[in-house]
Amino acid sequence: MLAPPGLAFKSASTASLVAMTTQPNDAAISFIAAHPHAAMITVGGDGRPRAVKIEAAMVDGVLESASHADKLRTRRLRRDPRCSLYFADEQHAWLSLDVGVTIIDGEAAARALVRFFRVRDERPTGPLDYHSDRSHHLGLSGSELEEVLAAEEAVLFRFTVERQYGNL
């Protein structure tokens, strides 16, 4: 059986397809929007996979997520800027993305993160609520949120999709 151009069957026993791409396809974008919580799998110093939960969003056609400069996941990604993201729903549909990661930090991160949170939270204007494992804030303006993010040394992950697969 031949797979459509740009796709390959994962194995002869499954209809799940693997897409070789630099951006998620339309089905993946819709799935991520409906199910933004994902497992991010990085490689630990001992070579073993390490999983953490993230929230992702498509911002201007690019998949992004937020973190902090001192998090172990960020240190791992500075060492090896590759990881896998796994999204799933309650009906057993799933999507896995093998991605390259660009880490944005400093002043550029705070501005880009405000945009990320506006898109992720579907709040293009007005006050924003923010929570992390470090602080909780309600009703912040964009500039107030930038100050909080800069003080917390928040970083933005920008993902480049290298491969996508799943059963969507």
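Helices α3 and α4 are oblique to each other, the class for angles outside the ranges under 35 degrees (roughly parallel), over 145 (roughly antiparallel) and 65 to 115 (roughly perpendicular). The model is predicted, with local features requiring pLDDT of at least 70 and side-chain atom pairs pLDDT 80 or more, whereas totals for chains, interfaces and linings use all residues. Residues are numbered from 1 along each chain as its sequence is written, and side-chain values use heavy atoms, without hydrogens and water.

The angle between α3 and α4 (residues 142–151) is about 120°, and their axes lie 9 Å apart; angles run from 0 to 180 degrees between N-to-C directions, and axes are lines fitted to C-alpha atoms over the stretch in contact. The contact (heavy atoms within 4.5 Å) involves A110, R111, L113, V114, F117 and R118 of α3, together with G142, L145, E146, L149 and A150 of α4. Seven of these residues are nonpolar, one is polar and three are charged; Asp, Glu, Lys and Arg count as charged, Ala, Val, Leu, Ile, Met, Phe, Trp, Tyr, Cys and Pro as nonpolar, and the others, Gly among them, as polar.

The lining of the largest pocket comprises six nonpolar, five polar and six charged residues. A pocket is an open set of points on a 1 Å grid where a 1.4 Å probe fits, with protein on both sides within 12 Å along at least five of seven lines; lining residues have an atom within 4 Å of a point. Strand β5 contributes the largest share of this lining, four residues.

Definitions and conventions
Helix = DSSP H or I, 4+ residues; strand = E, 2+ residues; numbered from the N terminus.
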